[in-house]
Amino acid sequence: MAIDRFTGEHSIAFIRVEQLFDLARRNSLWYMAFGIACCAIEGLMSASGPRFDFDRMGVFFRASPRQADVMIVAGTVNKKMAETVKTLYDQMPEPKWVVAMGACACTGGPFREYPNVVLGVDQIVPVDVYIPGCPPRPESVQYGFMQLQDKIKKQTEDRLAARRDSH
Amino acid sequence: MTDARDIATEAGMLAPEGTHHPGLPPAGIRRAPEGVDGLTTEHLIINMGPQHPSTHGVLRMIVEMDGEEIVSAEASIGYLHRGIEKLAEHRQYNALGTLMDRGDYVSGIHGELASALAVEKLMEIAIPAKADYLRVLLSEINRIASHLVWFGTFGLDTGAMGQFLYAMRDRENLVDILEGITGARMMFNYVRPGGVLADLPAGMAAKILEFCSGFDKYIEEHHDLLGGNEIFQHRVKGIGAIDRDTALAFGLSGANLRGSGVAFDVRRERPYAAYGEMEFDVPVGSTGDSWDRYMVRMEEMRQSNRMIRQCLEGMPEGDFTAKVPRVLRPPEGEVYAAVESSRGETGIHLVSQGGDTPYRFHYKAPSLYALQALEEILPGHLLADVVMIIGSTDIMLGEIDR
């Protein structure tokens, strides 16, 4: 930070490019509009609705995986759906994150006895944040996104620290 | 205009009727009937879903296009199959509501009520009057909440955004009420065999009445905002018409059937809970197009609001649940119980062979019938109308796939 000569305010920030990118990334986590089941009403619709309004923390939906940063897996994934989930994940550009929302996406939930149900979406795609609940409240989803932001921040710091140590 | 499919069939280009297998692309892919009217057209197969922002869940439509016009449409379902019917065979009777909540997840109370009614019919349990009123109250609150989700997303399907925010604003108030009564925002597990989980908490009646008086005004605002929009009217009027005979032949129910001019409402024809004592009108459309279905659902919200007031006024004193054993063991037999859910006649066919779990549990999902009718009504429309017509039938993939 540097003090502006005229206004006396902090106006110039010295920051590594990586940190700048991560600052931007974690404040514009656009998720893919991909509701599978019940959790979609809470995690995607209520979340973008007026009360919870995730838009204020930069979290907003995009209709295409090509434009999305985060995939919220909101619902039960069965074996017919698994292939699609994997394809959509592969279509997302790097860097990308996955939020497993609700009991079904975490472990199979109330349907885990049924052989057609995938026991947690982490068997198909790597998951960054697990949000428990059936369904989780929108507040839980918001907390999940805050955890994801912390994770992104920490990833950069760890990377920079590792590079510093190696010199 | 000559039907391209007829031409292609005559030219021997298409597979004969009945030989097409689901999962494969529809017959006629990339085949050009040549030399008709000096023009060559090539059919194009467009795949919509299962990830599509407007298909209301994980529906996959395979649409065969001739230019901009739909020649045939085929729905591929099963992307949300979780085996609710099979799992129910391994659940105790008072745990069936938990599964039904996750069937039609936007109107959970109706699913719970259907399964509870089936068990009560089988065991011949007498329900206290207060429980009946609470069931009607919660059903109607949930119906408005469900219709508001439909209203918001139907507007999104036609390209409008504003009404979604207003609908979600009202829905959050309703969800607060539901949460206050049942303890959950979506998965209530409130209606149990024998009655309901809990009485209204103190001060809740006043809160509901406050919502009701506000909603009288808001519903007109919603209607003006979306239904008063001329672009919206052009998008929906005369589009996706289901005539009376088709609607009956496909076994539609709920607003989809009433939009086609058949005044059938389970609440009126086979009253359950306290619906026999309620005063309400059954709105009916005339031509069965998307506009009629829209108007029927808007009127249903007004009628639900009316019934909520009646429930609170006529709420009897007494217990909210009958005395039922902790583990229910109905006698042998089979029953069918149906309720009017937000999407139509949700029915439960329950077969018991004694014991504490059902032998067979069939879930009659109204959306499945509406989906089948879609394949009939979509040909002849434009691709841009597909999403709108799917939205107008208000199908819920959770209960279609189960």
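How many helices and strands does chain A have? Chain A has five helices and seven strands. This is a predicted model, in which local features need pLDDT of at least 70, side-chain atom pairs count only at pLDDT 80 or more, and totals for chains, interfaces and linings use all residues. Residues are numbered from 1 along each chain as its sequence is written, chains are lettered from A and ligands numbered from 1 in the order in which they are written, and side-chain values use heavy atoms, with hydrogens and water left out.

**View 1. Chain A from end to end.** Start at the N terminus and the elements run β-β-α-β-α-β-β-α-β-α-β-α. Here helices (H or I, at least four residues) and strands (E, at least two) are DSSP runs, numbered from the N terminus. Taken along the principal axes, the box filled by the C-alpha atoms of chain A is roughly 65 × 45 × 25 Å. Chain A has 167 residues, and 49% of them count as buried. Buried means under 20% relative accessible area, exposed means over 50%, and partly exposed is in between (1.4 Å probe, protein chains only).

**View 2. A nonpolar patch on the surface of chain A.** Look for A:I15, A:V17, A:L20, A:F21 and A:L23, which together offer about 450 Å² of accessible area. Such areas come from the Shrake-Rupley method with a 1.4 Å probe, and for residues only the protein chains shown count as cover. To join a patch, a residue needs over 30% relative accessible area and no salt bridge; nonpolar side chains (Val, Leu, Ile, Met, Phe, Trp, Tyr) are joined within 5 Å, and like charges within 9 Å. One of the patch members, A:L20, sits in helix α1 (residues 17-26). A:L20 counts as partly exposed because its relative accessible area is 41%.

**View 3. The largest cavity.** The whole structure holds three cavities of 30 Å³ or more, and the largest has about 70 Å³ of space. A cavity is a set of points, on a 1 Å grid over the protein atoms alone, where a 1.4 Å probe fits but cannot get out; lining residues have an atom within 4 Å of a point. Grid points are joined across faces, edges and corners, and the volume is the space filled by probe spheres set on the points. Which residues line the largest cavity? Chain A supplies A:C38, A:C39, A:G75, A:T76, A:A103, A:C104, A:G133, A:C134 and A:P135, while chain B adds B:R102 and B:M187. Sorted by class, that lining has seven nonpolar, three polar and one charged residues. In this sorting Ala, Val, Leu, Ile, Met, Phe, Trp, Tyr, Cys and Pro are nonpolar, Asp, Glu, Lys and Arg are charged, and the others, Gly among them, are polar.

**View 4. Salt bridges, within and between chains.** Side chains of opposite charge can pair when their charged atoms come close. The rule used here asks for a side-chain nitrogen of Lys or Arg within 4 Å of a carboxyl oxygen of Asp or Glu, and the count over all chains is 36. One of these pairs is A:R51 with B:E172, whose closest N and O atoms are 4.0 Å apart. This pair crosses between chains, from the loop between α2 (39-48) and β4 (61-62) of chain A to helix α6 (residues 162-182) of chain B. A:R51 is partly exposed at 36% relative accessibility, whereas B:E172 is buried at 2%. Within chain A, A:E139 pairs with A:R137 at 3.2 Å.

**View 5. Two cis peptide bonds in chain A.** Most peptide bonds are trans. A cis bond joins A:E94 and A:P95, with omega about -10 degrees, and A:P95 lies in the loop between α3 (79-91) and β6 (97-101). Another cis bond, also with omega about -10 degrees, joins A:C134 and A:P135. You'll find A:P135 in the loop between β7 (129-131) and α5 (138-166), and both A:C134 and A:P135 help line the largest cavity.

**View 6. Positive phi in chain B.** Most residues other than glycine have a negative phi. B:D394 has a positive one, near 55 degrees. Is B:D394 buried or exposed? It is buried, because its relative accessible area is 5%. B:D394 sits in the loop between α14 (383-393) and α15 (397-401).

How values were computed: 1 Å grid on protein atoms, 1.4 Å probe; cavity = no way out; pocket = protein on both sides within 12 Å on 5 of 7 lines; lining within 4 Å.
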